[in-house]
Amino acid sequence: MAGSEAIAALRAGGKLALARALTRIETGHGQAEVDAFLDAACREGSGHVLGLTGPPGAGKSTLTNSLLKALRGAGKTTGVIAVDPSSRRSGGALLGDRTRLTADPEDAGIFIRSMAARDRLGGLSDHALAAIAVMRAAREAVIVESVGIGQSEADVAIAVDTLVLCIQPGSGDSLQFMKAGVMELPDIIVVTKADMGAYAARAVADVKGALSLSDREREGWQVPVLPVSAQDGSGLEALHEAIEAHRVFLEAGGLAARRFAQRQEAWVADYLKTRYGQAGSHLLDPAALIGVAGGPFAAMRLADRRLVVKVVPDEAATET
Ligand SMILES: Nc1nc2c(ncn2[C@@H]2O[C@H](COP(=O)(O)OP(=O)(O)OP(=O)(O)O)[C@@H](O)[C@H]2O)c(=O)[nH]1
Ligand SMILES: [Mg+2]
C-alpha cells in the first residue's frame, strides 16, 4: 500500500489498525515498505507528542493517567507509550505500569502500549521512535512516559514536542539534573506529589534556583515550574493548561514543524553514531540523507547501504 493510503487506513481503522501497525513495524523492521510507511507517518502525522520523564518512582505513570483523562475529557484521541527502561526487567514492572494506567478498555479513543527500551538504558529504541511516529499519525495527542533524560542522544527529548520533567520532593534531584546539564531540556518542570506540603514547596524553590535565567526562557517560551498532586488533584489543571499553551506556542510561527525536522535529523545522526561510531557518523550528513531518501527511516537504510564495507582487491594481486 502506498504511504498516504496506508496512513488514511490507519486513521480509519481504530485501535485494531494501530495495534497491527505497531506489530508490523517491529516484525518488518528494515523492510523498504515499512520504512515508506513510517516516513509517510512522519510527513502526514500532526498529533502533539508529550514526553513525561524523570527518575524512577517520581509519579510519571500516575500523572500520565491524570493527563490522559484530561485529554480525553477535551475530546482528543490519545495514545500512550510507556517505555520500560530495561528489557532485562521482569514482566512485573510492565504489569505495575499497566495497573496504574487505568484506562477504560471500551474507549476507542485511548490506546496504551508498553515497550522495552532495549539496548539503550533510559533511552529510546529504534522501535520506540518508530512507534511514536505511528502514534503521532494516528492520534491527536500522544504521551510518552520514559525514565531519565540526558543520558544519551537517543532519549525522549528528541522524540517529543513538549517535554515535561517530573521531580519529586525531598529527592535532591534538581541539583543532580543541574550538574548533568539537563535543565535546558524540559519545556515544563513539574514538582510531583505536591500534597507533601513543605517538602514540595522547598522542591519548587530548589528547581527555580537550579534553573538559570537562560534556561528559563528559550525562543520566547518561559519554562514554568508547577507543583502538582495527582493524588488530590491540585495543580493538574494548571499543568494541562501549560501543556496546551506550549502546543499553541509551537504551532505559532511554524516552530513545531521546524523542530520536528530538526528532530528527524537527530534520529538519523543518532542512528549513525550508534551503529557506525564516531567515524561512521562523520561520513554522512543526516539532512542530505533525508533529502535523498525522502524521510528519516528510509534515510537510515540508505546509510546502511552506503556504509556497507566494500572489499577492494589487493592492488599487488590484481597488477600481474
Ligand atoms: N503522595 C503522592 N504520591 C504519589 C502521587 N503520585 C504518585 N504517587 C506515588 O508514587 C509512587 C510512584 O508512582 P508512579 O506513578 O508509579 O511513578 P513512576 O514515575 O511512573 O514510576 P516508574 O515508572 O517505576 O519509574 C506510587 O506509590 C504512587 O502512588 C501524588 O501526587 N502524591
Ligand atoms: Mg511508571
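Which helix gives the most to the lining of the largest cavity? Hold that thought. We will get there by way of the whole protein.

A word on the source: this is a predicted model.

Start with the overall picture. The protein has 320 residues, and 51% of them count as buried. Its secondary structure comes to 14 helices and 9 strands. Now take the contacts between residues at least 6 apart in sequence. Of these, 74% join residues at least 24 apart.

Back to the opening question. The answer is H6, with 4 residues in the lining of the largest cavity. H6 runs from 126 to 138. What length should we expect from its 13 residues? At 1.5 Å a residue, the span should be 18 Å. The end C-alpha atoms of H6 are 19 Å apart, so the model agrees with that expectation.

Is H6 mostly covered or mostly open? Mostly covered: 12 of its 13 residues are buried. Alanines feature in that buried list, including Ala-128, Ala-130, Ala-131 and Ala-133. His-127 and Arg-136 are buried too.

Now the cavities themselves. A search of the whole structure finds 4 of 30 Å³ or more. The largest has a volume of about 100 Å³. Its lining holds 13 residues. Nearest the centre are His-29, Leu-38, Asp-126, Ala-130 and Phe-297. Which elements give two or more residues to this lining? They are H3, H6 and helix H13, which covers 296–307. By type, the lining divides into 7 nonpolar, 3 polar and 3 charged residues.

Next, the largest pocket. It holds about 430 Å³ of space. Here 24 residues form the lining, and Ser-46, Gly-47, His-48, Arg-136 and Arg-139 lie nearest the centre. Five helices each give two or more residues to this pocket's lining: H1, H3, H6, H10 and H11. Spot the familiar names. H3 and H6 contribute to the pocket, and they also contribute to the largest cavity. Arg-136 is another link, being one of the buried residues of H6 and one of those nearest the pocket centre. The pocket lining splits into 9 nonpolar, 6 polar and 9 charged residues.

Let's move to helix H8, residues 198–210. It has 13 residues and reaches 18 Å from first C-alpha to last, close to the 18 Å expected. Which of its residues are buried? Ala-200, Ala-203, Val-204, Val-207 and Ala-210. These five cover an arc of only 130° around the axis, so they sit on the same side of H8. The other side has Ala-198, Arg-202 and Gly-209, which are exposed. What covers the buried residues? The cover includes strands S5, S6 and S9, plus helix H7.

Last stop: one residue, Thr-78. It lies in strand S2, residues 78–84. Is Thr-78 buried or exposed? Buried means under 20% relative accessible area. Thr-78 has 1%, so it counts as buried. Who are its contacts, leaving aside neighbours within four places in sequence? Among them are Leu-68, Leu-71, Arg-72, Ile-110 and Phe-111. Arg-139 is on that contact list as well. You have met Arg-139 already, as one of the residues nearest the centre of the largest pocket.

To recap, look for H6 on screen. It is mostly covered, and it gives the most to the lining of the largest cavity. Then turn to H8, and find its buried residues on the same side.

How values were computed
Residues are numbered from 1 along each chain as its sequence is written. Chains are lettered from A and ligands numbered from 1 in the order in which they are written. This is a predicted model: local features need pLDDT of at least 70, side-chain atom pairs count only at pLDDT 80 or more; totals for chains, interfaces and linings use all residues. Side-chain values use heavy atoms; hydrogens and water are left out. On a 1 Å grid over the protein atoms alone, a cavity is a set of points where a 1.4 Å probe fits but cannot get out, and a pocket is an open set with protein on both sides within 12 Å along at least five of seven lines; lining residues have an atom within 4 Å of a point. Grid points are joined across faces, edges and corners, and a volume is the space filled by probe spheres set on the points. Ala, Val, Leu, Ile, Met, Phe, Trp, Tyr, Cys and Pro count as nonpolar, Asp, Glu, Lys and Arg as charged, and the others, Gly among them, as polar. The expected span of a helix is 1.5 Å times one less than its number of residues. Buried means under 20% relative accessible area, exposed over 50%, partly exposed in between (1.4 Å probe, protein chains only). The arc is that of the directions from the helix axis to the C-beta atoms. Contact means heavy atoms within 4.5 Å.
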